[in-house]
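Here's a quick briefing on the enclosed spaces in this model, the ligands in them, and a few residues worth a look. Keep the viewer open as you read.

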Amino acid sequence: MQTHLADWIRATPEGIEADDILRKCVHCGFCLATCPTYNLLGDELDSPRGRIYLMKEMLEGAPVTGRTQLHLDRCLTCRACETTCPSGVEYGRLVDIGRAVVQTKVARTPWDRFRRWALKSVLPSESLFTVLYAMGRVMRPILPRRLAAKVLVKRDAGAWPTTRHARRVLLLTGCVQPAIAPSIDAAAARVLDRLGISLVPVSGSGCCGAVVMHLDYQHEALAYAKANIDAWWPQVEAGAEAIVVTASGCGTMVKEYGHLLQHDPDYAAKAARISRLARDISEVIGAERSRLASAYAGKDNRRVAFHSPCSLQHGLKLQGVVEPLLRDAGFTLTPVPNAHLCCGSAGTYSILQADLARQLRDRKVDALESGSPAVIATANIGCLAHMDPVATVPVRHWIELIDSRLSAGKG
Ligand code: SF4
Ligand code: SF4
């Protein structure tokens, strides 16, 4: 499409990038069919094409109103539209730029400002979130039903193997996952240990910054990115072969550090290297697939429905990587209709857009359970925590299922 960006943004890095993306869109509308919010609401302005149009108007200098903010807020940033788009429109980058601009032009209500501030203050702080989550578990019986449902039952993480291999990979510990499901990283450490790779948590690393970024605190998000880079850097220079992420949403963010910090003279080169080293756990395990396949003993007849998070299939473009690993482990995968659609978790979307998120979650869980699985597997803590309270079967990270099969083999 033709564009004429306003003077105040045209020559900025964001303006140049947005212009380049906007020009790729040919209005074909293919993306509408795979957009979860268009699917639910049927409003063109809640579709990728409609949102692109709103952002184009705004960047061309048209007055911006709460209407633009509302439709951008309702976007899940699931990036299903990117996967569908035949013209290669990088919608995810465009909406990040668009949201940052809206933020400067439309004031939020005091309540909206407060809850965004509260979320960005609590969620990225692992220590604060862990304390609050532990209190939530204790008080679960007396919490209101909706709040109680957000607090998952504690599960034992099991032992973490000692660091004993020459092959070492670093772990992004993240922010909320260690409190909600410490079993995920521990399972990843055990599976990697079995493959002769030590998974090393690094003190000083923490939240990847994605949750803060999507709450429109973009500068703070970059501060989290820099803190992680600083924490990992000595070990990277000492030969760590990868940075492993067990939450696909966080992995998407770490792989974007290089792009997000490309204009920072102090961090551009380091961030680019970190992004090249970042691996979703499925990439690391997938590279060792043949060795792992021979490690299983006995059988497991459980039926598994795999929910591929948007961040895995649309963000990281890792479609079809986990499923063969689960089949190798002896699980039977059940069919999942509309597997491309978001479950509604999407960072803090399940809190800020609770009604839409609930509808998407209920549809997703119905789809996942339609094949009568014994367990639902996923690859992102947000999806797991969002679906587990309403699913009739357990929801687990897929690496936990692989770990359970290997542990069974030891027996
Ligand atoms: S990111 Fe997802 S919700 Fe947003 S416009 Fe694209 S498909 Fe729709
Ligand atoms: S599919 Fe791509 S080119 Fe077509 S309207 Fe959507 S974003 Fe634009």
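One cut-off before anything else: a residue is buried under 20% relative accessible area, exposed over 50%, and partly exposed in between. By that rule, His27 counts as partly exposed because its relative accessibility is 40%. Keep in mind that this is a predicted model. The main story is a set of four cavities of 30 Å³ or more, with ligand 2 sitting in the largest cavity and ligand 1 in the second largest.

**Largest cavity and ligand 2**

- The largest cavity holds about 120 Å³ of space. Its lining is made up of 16 residues, and Cys25, Cys31, Ile52, Cys85 and Val89 are the closest to its centre.
- Two elements, α4 (48-59) and α6 (80-84), each give two or more residues to that lining. Of these, α4 gives the most, with three residues.
- Sorted by class, the lining of the largest cavity has eleven nonpolar, three polar and two charged residues.
- Which residues come closest to ligand 2? They are Cys25, Cys28, Gly29, Cys31 and Cys85, out of 13 that surround the ligand.
- The shell around ligand 2 divides into nine nonpolar, three polar and one charged residue.
- Cys25, Cys31 and Cys85 turn up among the residues closest to the cavity centre and also among those closest to ligand 2.

**Second largest cavity and ligand 1**

- Here you have about 80 Å³ of space, lined by 14 residues. Cys35, Arg51, Cys75, Cys78 and Cys81 lie nearest the centre.
- The elements with two or more residues in this lining are α3 (36-41), α4 and α6.
- The lining of the second largest cavity splits into nine nonpolar, three polar and two charged residues.
- What surrounds ligand 1? Its shell consists of Cys35, Pro36, Thr37, Pro48, Arg51, Cys75, Leu76, Thr77, Cys78, Arg79, Cys81 and Tyr91.
- Both α3 and α4 give two or more residues to that shell.
- By class, the shell around ligand 1 comes out as eight nonpolar, two polar and two charged residues.

**Two loop residues with positive phi**

- As background, most residues other than glycine have a negative phi.
- His27 goes the other way: its phi is positive, about 65 degrees, although it is not a glycine. You'll find His27 in the loop between α2 and α3.
- Thr77 also has a positive phi, about 55 degrees, and is likewise not a glycine. Its place is the loop between α5 and α6, and it is one of the residues around ligand 1.
- Is Thr77 buried or exposed? Thr77 counts as buried, because its relative accessibility is 18% and the cut-off for buried is under 20%.

**Helix α5 and Leu72**

- Helix α5 covers residues 66-73, and its buried residues are Thr68, Gln69, His71, Leu72 and Asp73.
- The cover over those buried residues includes α4, α7 (91-105), α8 (110-122) and α22 (349-352).
- Leu72, found in helix α5, is buried because its relative accessible area is 1%, and buried means under 20%.
- Leaving out residues up to four places away in sequence, Leu72 touches Arg51, Met55, Val95, Gly98, Arg99 and Val102.
- Arg51 links two of these topics: it is in contact with Leu72 and belongs to the shell around ligand 1.
- From Leu72 to Glu17 is 18 Å, C-alpha to C-alpha, with the two lying 55 residues apart in sequence.

**Second largest pocket**

- Moving from cavities to pockets, the second largest pocket has a volume of about 530 Å³.
- Of the 21 residues that line it, Glu14, Arg93, Gln218, Leu222 and Leu260 lie nearest its centre.
- Four elements, α2 (13-24), α7, α14 (218-237) and α16 (257-260), give two or more residues to this lining. The most come from α7, with five residues.
- The class split of the pocket lining is nine nonpolar, six polar and six charged residues.
- So α7 has a part in two places, because it lines this pocket and is among the elements covering the buried residues of α5, where contact means heavy atoms within 4.5 Å.

How values were computed:
Residues are numbered from 1 along each chain as its sequence is written. Chains are lettered from A and ligands numbered from 1 in the order in which they are written. This is a predicted model: local features need pLDDT of at least 70, side-chain atom pairs count only at pLDDT 80 or more; totals for chains, interfaces and linings use all residues. Side-chain values use heavy atoms; hydrogens and water are left out. On a 1 Å grid over the protein atoms alone, a cavity is a set of points where a 1.4 Å probe fits but cannot get out, and a pocket is an open set with protein on both sides within 12 Å along at least five of seven lines; lining residues have an atom within 4 Å of a point. Grid points are joined across faces, edges and corners, and a volume is the space filled by probe spheres set on the points. Ala, Val, Leu, Ile, Met, Phe, Trp, Tyr, Cys and Pro count as nonpolar, Asp, Glu, Lys and Arg as charged, and the others, Gly among them, as polar. A residue is near a molecule or strand if one of its heavy atoms lies within 4 Å of it. A molecule sits in a cavity or pocket if more than half of its atoms lie within 2 Å of its grid points. Buried means under 20% relative accessible area, exposed over 50%, partly exposed in between (1.4 Å probe, protein chains only).
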